Amino acid sequence: MKKSIHIGIGDSATTAKGFIDAWKRAERDEKVEAEHRLNFESLESLLKVLTSGRWALLKRLRESGPLSIRALASELKRDYKNVHTDVKKMESIGLISRTRDEKVQVPWDIVEARLRLAA
């Protein structure tokens, strides 16, 4: 089964509603599959965190498999310090994880971002 995460924009009320809906389905013994979501409060905050450089980093890491930060920086032809900063940020929001030998990896098969123009 492919592991996926959904990225979007939503306030705390929207996030809470989704949780409550899933809880109610579970109480009714309906099949509830685990959903992994990453919500931002605004498009501006999403774009501040998920820059084009960080998307390129995710893509390269997904294609290459687990790498050390130094090897990743080399593959991206970027400065080690900047890649390290990006990796730390992406780890903090759950888009990158570490292997047992401390290499970084993308634990997701699918990263889906959905943005609505209107409510």
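## A nonpolar surface patch

A patch, as the word is used here, is made of residues with over 30% relative accessible area and no salt bridge, with nonpolar side chains joined within 5 Å. In this predicted model, one nonpolar patch on the surface brings together Ile 9, Leu 43, Leu 47 and Leu 115, and their accessible area adds up to about 340 Å².

Let's look at one member, Leu 115, which sits in the segment after β5 (110-113). With a relative accessible area of 47%, Leu 115 is partly exposed.

## Helix α5 and its buried face

Next comes helix α5, which runs over residues 80-92. Its 13 residues should span 18 Å at 1.5 Å a residue, and the end C-alpha atoms are indeed 18 Å apart, so the two values agree.

Which residues of α5 are buried? They are Val 83, Asp 86, Val 87 and Met 90. Looking down the axis of α5, you will find these buried residues within an arc of 100°, so they line one face of the helix. Lys 81 and Ser 92, on the other side of α5, are exposed.

The cover over the buried residues of α5 includes two helices, α3 (52-64) and α4 (69-76), along with the strands β3 (97-98) and β4 (104-105).

## Arg 54, a buried residue of α3

Arg 54 belongs to helix α3. Is this arginine buried or exposed? Its relative accessibility is 11%, and buried means under 20%, so Arg 54 counts as buried.

Setting aside neighbours within four places in sequence, Arg 54 is in contact with Lys 48, Val 49, Asp 86, Lys 89 and Met 90. Among these partners, Asp 86 and Met 90 are buried residues of α5.

Conventions:
Residues numbered from 1 in each chain as written. Predicted model: local features only at pLDDT ≥ 70, side-chain atom pairs only at ≥ 80, totals over all residues. Heavy atoms only, no water. Patch = residues over 30% accessible without salt bridge, like charges linked within 9 Å, V, L, I, M, F, W, Y side chains within 5 Å. Areas by Shrake-Rupley, 256 points an atom, 1.4 Å probe, with all protein chains shown as cover. Salt bridge = Lys/Arg side-chain N within 4 Å of Asp/Glu carboxyl O. Helix = DSSP H or I, 4+ residues; strand = E, 2+ residues; numbered from the N terminus. Buried < 20%, exposed > 50% of the residue type's maximum accessible area, 1.4 Å probe, protein only. Expected span 1.5 Å × (residues − 1). Arc of directions from axis to C-beta. Contact = heavy atoms within 4.5 Å.
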